[in-house]
Number of protein chains: 2
Amino acid sequence: MVDEATRKELAVEHCRRVNEGDLDGLLKLYDEAVRFEDPVGSGWRVGHAAFRAHAGAAVAGRVHEDYGEPVASQDGLHAAVPVTATMDYLPNGPFLAQYGVVQPPVDPARARMRVRYVMVVKVGPSGLIEEMRAFWGRSDITVLAPGQD
Amino acid sequence: MVDEATRKELAVEHCRRVNEGDLDGLLKLYDEAVRFEDPVGSGWRVGHAAFRAHAGAAVAGRVHEDYGEPVASQDGLHAAVPVTATMDYLPNGPFLAQYGVVQPPVDPARARMRVRYVMVVKVGPSGLIEEMRAFWGRSDITVLAPGQD
(Lines give C-alpha, C1' and ligand atoms only; values in the text may rest on other atoms or scores of the structure.)
Protein backbone atom coordinates (compact mmCIF):
# COMPACT_ATOMS: atom_id res chain seq x y z
CA MET A 1 0.00 0.00 0.00
CA VAL A 2 1.38 3.37 -1.01
CA ASP A 3 0.95 6.37 1.32
CA GLU A 4 -1.25 9.33 0.45
CA ALA A 5 1.57 11.81 -0.14
CA THR A 6 3.26 9.46 -2.60
CA ARG A 7 0.01 8.80 -4.47
CA LYS A 8 -0.69 12.52 -4.79
CA GLU A 9 2.88 13.15 -5.88
CA LEU A 10 2.51 10.45 -8.58
CA ALA A 11 -0.55 12.22 -9.96
CA VAL A 12 1.20 15.58 -10.28
CA GLU A 13 4.48 14.02 -11.45
CA HIS A 14 2.41 12.55 -14.27
CA CYS A 15 1.50 16.09 -15.34
CA ARG A 16 5.09 17.32 -15.02
CA ARG A 17 6.48 14.56 -17.22
CA VAL A 18 3.76 15.18 -19.80
CA ASN A 19 4.78 18.85 -19.81
CA GLU A 20 8.45 17.92 -20.28
CA GLY A 21 7.48 15.65 -23.17
CA ASP A 22 9.24 12.87 -21.25
CA LEU A 23 7.34 9.85 -22.55
CA ASP A 24 9.87 7.33 -21.22
CA GLY A 25 9.74 8.96 -17.80
CA LEU A 26 5.96 9.01 -17.93
CA LEU A 27 5.78 5.30 -18.72
CA LYS A 28 7.98 4.60 -15.66
CA LEU A 29 5.10 5.80 -13.47
CA TYR A 30 2.78 3.17 -14.95
CA ASP A 31 2.44 -0.55 -14.39
CA GLU A 32 2.96 -2.46 -17.64
CA ALA A 33 -0.58 -3.81 -17.41
CA VAL A 34 -2.09 -0.35 -16.81
CA ARG A 35 -5.77 0.09 -17.70
CA PHE A 36 -6.77 3.58 -18.72
CA GLU A 37 -9.82 5.38 -20.00
CA ASP A 38 -9.30 8.91 -21.34
CA PRO A 39 -11.92 10.25 -21.58
CA VAL A 40 -14.22 8.15 -19.38
CA GLY A 41 -16.69 6.68 -21.85
CA SER A 42 -14.17 6.05 -24.63
CA GLY A 43 -13.48 2.51 -23.43
CA TRP A 44 -10.64 0.94 -21.49
CA ARG A 45 -7.28 0.48 -23.11
CA VAL A 46 -4.52 -1.66 -21.67
CA GLY A 47 -0.75 -1.65 -21.47
CA HIS A 48 2.33 0.49 -21.99
CA ALA A 49 2.22 0.48 -25.80
CA ALA A 50 -1.34 1.80 -25.86
CA PHE A 51 -0.52 4.39 -23.24
CA ARG A 52 2.60 5.52 -25.09
CA ALA A 53 0.57 6.04 -28.26
CA HIS A 54 -2.11 7.93 -26.32
CA ALA A 55 0.24 10.22 -24.40
CA GLY A 56 2.55 10.54 -27.39
CA ALA A 57 -0.19 12.22 -29.43
CA ALA A 58 -0.70 14.78 -26.65
CA VAL A 59 3.04 15.39 -26.40
CA ALA A 60 3.20 15.78 -30.21
CA GLY A 61 0.57 18.50 -29.72
CA ARG A 62 2.89 20.33 -27.28
CA VAL A 63 0.46 19.78 -24.43
CA HIS A 64 0.82 21.79 -21.25
CA GLU A 65 -1.02 20.63 -18.13
CA ASP A 66 -1.81 23.00 -15.26
CA TYR A 67 -2.77 20.93 -12.26
CA GLY A 68 -4.69 21.90 -9.14
CA GLU A 69 -4.39 20.44 -5.65
CA PRO A 70 -4.39 16.64 -5.64
CA VAL A 71 -6.45 14.68 -3.11
CA ALA A 72 -6.13 11.09 -1.92
CA SER A 73 -8.53 8.47 -0.53
CA GLN A 74 -8.69 6.17 2.46
CA ASP A 75 -8.55 2.88 0.58
CA GLY A 76 -4.78 3.08 0.17
CA LEU A 77 -5.17 3.11 -3.60
CA HIS A 78 -6.42 6.32 -5.18
CA ALA A 79 -5.51 9.91 -5.84
CA ALA A 80 -7.35 12.52 -7.92
CA VAL A 81 -6.29 15.85 -9.38
CA PRO A 82 -8.06 18.53 -11.43
CA VAL A 83 -6.13 19.45 -14.60
CA THR A 84 -6.42 22.03 -17.37
CA ALA A 85 -4.55 20.83 -20.46
CA THR A 86 -3.81 23.05 -23.43
CA MET A 87 -2.47 21.55 -26.65
CA ASP A 88 -2.22 22.12 -30.38
CA TYR A 89 -5.30 21.19 -32.39
CA LEU A 90 -3.02 18.86 -34.32
CA PRO A 91 -2.55 15.94 -34.23
CA ASN A 92 -5.50 14.97 -32.00
CA GLY A 93 -8.17 17.46 -33.10
CA PRO A 94 -9.29 15.91 -36.40
CA PHE A 95 -9.93 12.60 -34.64
CA LEU A 96 -12.07 14.37 -32.04
CA ALA A 97 -13.85 16.35 -34.78
CA GLN A 98 -14.66 13.12 -36.58
CA TYR A 99 -16.62 11.99 -33.53
CA GLY A 100 -18.31 15.36 -33.13
CA VAL A 101 -16.44 16.15 -29.92
CA VAL A 102 -15.05 19.44 -31.27
CA GLN A 103 -15.78 21.74 -34.21
CA PRO A 104 -12.87 21.96 -36.66
CA PRO A 105 -11.18 25.39 -36.51
CA VAL A 106 -10.54 27.71 -39.45
CA ASP A 107 -6.78 27.33 -39.09
CA PRO A 108 -6.07 23.81 -37.79
CA ALA A 109 -2.30 24.22 -37.98
CA ARG A 110 -2.33 27.17 -35.57
CA ALA A 111 -5.38 26.47 -33.39
CA ARG A 112 -5.04 25.11 -29.85
CA MET A 113 -7.48 23.13 -27.68
CA ARG A 114 -8.13 23.40 -23.96
CA VAL A 115 -9.63 20.60 -21.92
CA ARG A 116 -10.52 20.61 -18.24
CA TYR A 117 -10.54 17.19 -16.64
CA VAL A 118 -10.28 15.31 -13.38
CA MET A 119 -7.71 12.52 -13.38
CA VAL A 120 -8.22 9.61 -10.98
CA VAL A 121 -5.32 7.21 -10.57
CA LYS A 122 -5.20 3.88 -8.76
CA VAL A 123 -1.76 3.00 -7.43
CA GLY A 124 -0.72 -0.59 -6.75
CA PRO A 125 1.54 -1.94 -3.99
CA SER A 126 4.49 -1.65 -6.40
CA GLY A 127 4.06 2.15 -6.36
CA LEU A 128 3.04 2.21 -10.00
CA ILE A 129 -0.19 3.51 -11.51
CA GLU A 130 -2.37 0.51 -12.37
CA GLU A 131 -5.44 2.41 -13.50
CA MET A 132 -6.10 5.92 -14.81
CA ARG A 133 -9.43 7.54 -15.63
CA ALA A 134 -9.79 11.05 -17.06
CA PHE A 135 -13.26 12.56 -16.54
CA TRP A 136 -14.08 15.10 -19.24
CA GLY A 137 -16.97 15.62 -21.59
CA ARG A 138 -17.59 17.44 -24.84
CA SER A 139 -18.56 20.49 -22.84
CA ASP A 140 -15.12 20.50 -21.18
CA ILE A 141 -13.07 20.92 -24.36
CA THR A 142 -12.78 24.16 -26.32
CA VAL A 143 -10.99 24.90 -29.57
CA LEU A 144 -9.02 28.13 -29.22
CA ALA A 145 -8.32 30.40 -32.18
CA PRO A 146 -4.65 31.41 -32.65
CA GLY A 147 -3.61 33.82 -29.91
CA GLN A 148 -6.58 32.92 -27.68
CA ASP A 149 -4.64 30.78 -25.19
CA MET B 1 -29.11 9.45 -20.51
CA VAL B 2 -28.67 12.86 -18.92
CA ASP B 3 -26.74 15.56 -20.79
CA GLU B 4 -23.39 16.87 -19.58
CA ALA B 5 -24.63 20.29 -18.50
CA THR B 6 -27.38 18.73 -16.36
CA ARG B 7 -24.95 16.29 -14.74
CA LYS B 8 -22.51 19.08 -13.89
CA GLU B 9 -25.36 21.22 -12.55
CA LEU B 10 -26.47 18.32 -10.33
CA ALA B 11 -22.98 18.10 -8.82
CA VAL B 12 -22.87 21.79 -7.91
CA GLU B 13 -26.54 21.89 -6.86
CA HIS B 14 -25.58 19.18 -4.40
CA CYS B 15 -23.07 21.60 -2.82
CA ARG B 16 -25.58 24.47 -2.82
CA ARG B 17 -28.25 22.46 -1.01
CA VAL B 18 -25.68 21.26 1.53
CA ASN B 19 -24.77 24.91 2.13
CA GLU B 20 -28.41 25.83 2.61
CA GLY B 21 -28.82 22.98 5.06
CA ASP B 22 -31.63 21.76 2.84
CA LEU B 23 -31.54 18.04 3.57
CA ASP B 24 -34.93 17.33 1.98
CA GLY B 25 -33.86 19.18 -1.17
CA LEU B 26 -30.55 17.35 -1.19
CA LEU B 27 -32.28 13.96 -0.98
CA LYS B 28 -34.39 14.92 -4.00
CA LEU B 29 -31.21 14.86 -6.11
CA TYR B 30 -30.57 11.23 -5.14
CA ASP B 31 -32.09 7.98 -6.28
CA GLU B 32 -33.63 6.09 -3.35
CA ALA B 33 -31.19 3.23 -3.93
CA VAL B 34 -28.14 5.54 -4.06
CA ARG B 35 -24.77 3.95 -3.24
CA PHE B 36 -22.24 6.29 -1.74
CA GLU B 37 -18.74 6.12 -0.34
CA ASP B 38 -17.51 9.20 1.56
CA PRO B 39 -14.57 9.02 1.88
CA VAL B 40 -13.52 6.42 -0.71
CA GLY B 41 -12.22 3.57 1.41
CA SER B 42 -14.82 3.85 4.16
CA GLY B 43 -17.12 1.35 2.47
CA TRP B 44 -20.27 1.71 0.43
CA ARG B 45 -23.50 2.73 2.09
CA VAL B 46 -26.89 2.47 0.45
CA GLY B 47 -30.16 4.37 0.41
CA HIS B 48 -31.79 7.64 1.38
CA ALA B 49 -31.86 7.00 5.14
CA ALA B 50 -28.11 6.35 5.25
CA PHE B 51 -27.44 9.38 3.09
CA ARG B 52 -29.66 11.60 5.22
CA ALA B 53 -27.77 10.56 8.35
CA HIS B 54 -24.44 11.16 6.61
CA ALA B 55 -25.27 14.56 5.15
CA GLY B 56 -27.23 15.53 8.25
CA ALA B 57 -24.11 15.29 10.40
CA ALA B 58 -22.30 17.65 8.03
CA VAL B 59 -25.24 20.06 8.04
CA ALA B 60 -25.33 19.88 11.86
CA GLY B 61 -21.68 20.99 11.68
CA ARG B 62 -22.69 24.09 9.66
CA VAL B 63 -20.74 22.85 6.66
CA HIS B 64 -19.91 25.24 3.84
CA GLU B 65 -18.76 23.81 0.51
CA ASP B 66 -16.79 25.90 -1.99
CA TYR B 67 -16.86 24.11 -5.32
CA GLY B 68 -14.58 24.47 -8.32
CA GLU B 69 -15.41 23.90 -11.98
CA PRO B 70 -17.30 20.65 -12.55
CA VAL B 71 -16.38 18.33 -15.43
CA ALA B 72 -18.40 15.60 -17.16
CA SER B 73 -17.54 12.39 -19.02
CA GLN B 74 -18.42 10.80 -22.32
CA ASP B 75 -20.24 7.77 -20.97
CA GLY B 76 -23.43 9.75 -20.39
CA LEU B 77 -23.23 8.99 -16.67
CA HIS B 78 -20.62 10.88 -14.67
CA ALA B 79 -19.66 14.31 -13.44
CA ALA B 80 -16.85 15.30 -11.08
CA VAL B 81 -16.19 18.45 -9.08
CA PRO B 82 -13.42 19.57 -6.71
CA VAL B 83 -14.77 20.82 -3.37
CA THR B 84 -13.35 22.46 -0.25
CA ALA B 85 -15.70 21.88 2.69
CA THR B 86 -15.36 23.70 6.00
CA MET B 87 -17.42 22.59 9.01
CA ASP B 88 -17.50 22.62 12.79
CA TYR B 89 -15.37 19.99 14.50
CA LEU B 90 -18.59 18.83 16.14
CA PRO B 91 -20.43 16.58 15.64
CA ASN B 92 -18.24 14.64 13.14
CA GLY B 93 -14.75 15.29 14.51
CA PRO B 94 -14.67 12.89 17.47
CA PHE B 95 -15.68 10.02 15.20
CA LEU B 96 -12.83 10.89 12.82
CA ALA B 97 -10.44 11.28 15.75
CA GLN B 98 -11.41 7.84 17.02
CA TYR B 99 -10.14 6.37 13.74
CA GLY B 100 -6.98 8.49 13.81
CA VAL B 101 -8.09 10.57 10.82
CA VAL B 102 -7.71 13.86 12.71
CA GLN B 103 -6.08 15.01 15.95
CA PRO B 104 -8.59 16.27 18.54
CA PRO B 105 -8.35 20.05 18.99
CA VAL B 106 -7.87 21.88 22.28
CA ASP B 107 -11.32 23.48 22.00
CA PRO B 108 -13.62 21.01 20.21
CA ALA B 109 -16.70 23.20 20.61
CA ARG B 110 -15.11 26.08 18.69
CA ALA B 111 -12.72 24.31 16.30
CA ARG B 112 -13.54 23.86 12.62
CA MET B 113 -12.31 21.30 10.05
CA ARG B 114 -11.47 21.79 6.41
CA VAL B 115 -11.46 18.95 3.90
CA ARG B 116 -10.53 19.09 0.24
CA TYR B 117 -12.14 16.39 -1.88
CA VAL B 118 -13.16 15.41 -5.37
CA MET B 119 -16.77 14.30 -5.68
CA VAL B 120 -17.66 11.92 -8.52
CA VAL B 121 -21.36 11.37 -9.17
CA LYS B 122 -23.04 8.85 -11.46
CA VAL B 123 -26.40 10.00 -12.78
CA GLY B 124 -29.04 7.54 -13.97
CA PRO B 125 -31.57 7.93 -16.80
CA SER B 126 -34.07 9.27 -14.26
CA GLY B 127 -31.85 12.31 -13.74
CA LEU B 128 -31.07 11.30 -10.16
CA ILE B 129 -27.67 10.58 -8.60
CA GLU B 130 -27.30 6.80 -8.30
CA GLU B 131 -23.74 6.75 -7.01
CA MET B 132 -21.49 9.22 -5.22
CA ARG B 133 -17.82 8.85 -4.30
CA ALA B 134 -15.84 11.46 -2.38
CA PHE B 135 -12.07 11.11 -2.79
CA TRP B 136 -10.21 12.47 0.23
CA GLY B 137 -7.53 11.12 2.50
CA ARG B 138 -6.24 11.87 5.98
CA SER B 139 -3.81 14.32 4.43
CA ASP B 140 -6.72 16.28 2.93
CA ILE B 141 -8.41 17.15 6.22
CA THR B 142 -7.15 19.77 8.66
CA VAL B 143 -8.48 20.81 12.04
CA LEU B 144 -8.58 24.60 12.28
CA ALA B 145 -8.18 26.41 15.57
CA PRO B 146 -10.87 29.02 16.36
CA GLY B 147 -10.50 32.02 14.06
CA GLN B 148 -8.27 30.12 11.58
CA ASP B 149 -10.95 29.64 8.90
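Reader: How much area do chain B and chain A bury between them, and what share of it is on carbon and sulfur atoms?

Author: Buried area is the accessible area (1.4 Å probe) that two parts lose on being put together, summed over both. In this predicted model, chain B and chain A bury about 2,100 Å² between them, with 55% of it on carbon and sulfur atoms. On the side of chain B, Val71(B), Gln74(B) and Phe135(B) lose the most area to chain A, together 28% of what that side buries. As to conventions, residues are numbered from 1 along each chain as its sequence is written, and chains are lettered from A and ligands numbered from 1 in the order in which they are written. Local features need pLDDT of at least 70, side-chain atom pairs count only at pLDDT 80 or more, totals for chains, interfaces and linings use all residues, and side-chain values use heavy atoms, with hydrogens and water left out.

Reader: How many residues does each chain bring to the contact?

Author: Contact means heavy atoms within 4.5 Å. The contact takes 26 residues from chain B and 26 residues from chain A.

Reader: How many salt bridges and how many polar contacts are counted between chain B and chain A?

Author: Side chains of opposite charge can pair when their charged atoms come close. A salt bridge is a side-chain nitrogen of Lys or Arg within 4 Å of a carboxyl oxygen of Asp or Glu. Between chain B and chain A the count is 4 salt bridges; Lys8(B) and Asp140(A) meet in a salt bridge through their side chains, at 2.6 Å from N to O. There are also 16 residue pairs in polar contact between chain B and chain A, both residues at pLDDT 80 or more. A polar contact is a pair of N or O atoms within 3.5 Å; within protein, one must be able to donate a hydrogen and the other to accept it, and residues adjacent in sequence count only if both atoms are side-chain atoms.

Reader: Which elements of chain B supply at least two residues of the side that touches chain A?

Author: Helices (H or I, at least four residues) and strands (E, at least two) are DSSP runs, numbered from the N terminus. Helix 1 (4–19), strand 4 (78–88) and strand 5 (112–123) of chain B each supply at least two residues of that side. The largest share, 4 residues, comes from strand 5 of chain B.

Reader: What rotation lays chain B on chain A?

Author: Copies are superposed by least squares on the C-alpha atoms of residues with pLDDT of at least 70 in both. A turn of 180 degrees and a shift of 0.0 Å along the axis lay chain B on chain A with an RMSD of 0.0 Å, which is the relation of a two-fold axis. Of the residues of chain B, Pro82(B) comes closest to the rotation axis, at 3.6 Å (C-alpha). The same surface serves both copies, as 100% of the contact residues of chain B recur in chain A.

Reader: Where are there cis peptide bonds, and which residue that is not a glycine has a positive phi?

Author: Most residues other than glycine have a negative phi, and most peptide bonds are trans. The peptide bond from Leu90(A) to Pro91(A) is cis, with omega near 10 degrees, and Pro91(A) lies in the loop between strand 4 (78–88) and helix 4 (93–98) of chain A. The bond from Asp38(B) to Pro39(B) is also cis, with omega near 0 degrees. Arg62(A), although not a glycine, has a positive phi of about 50 degrees; Arg62(A) is found in the loop between helix 3 (48–60) and strand 3 (64–67) of chain A.
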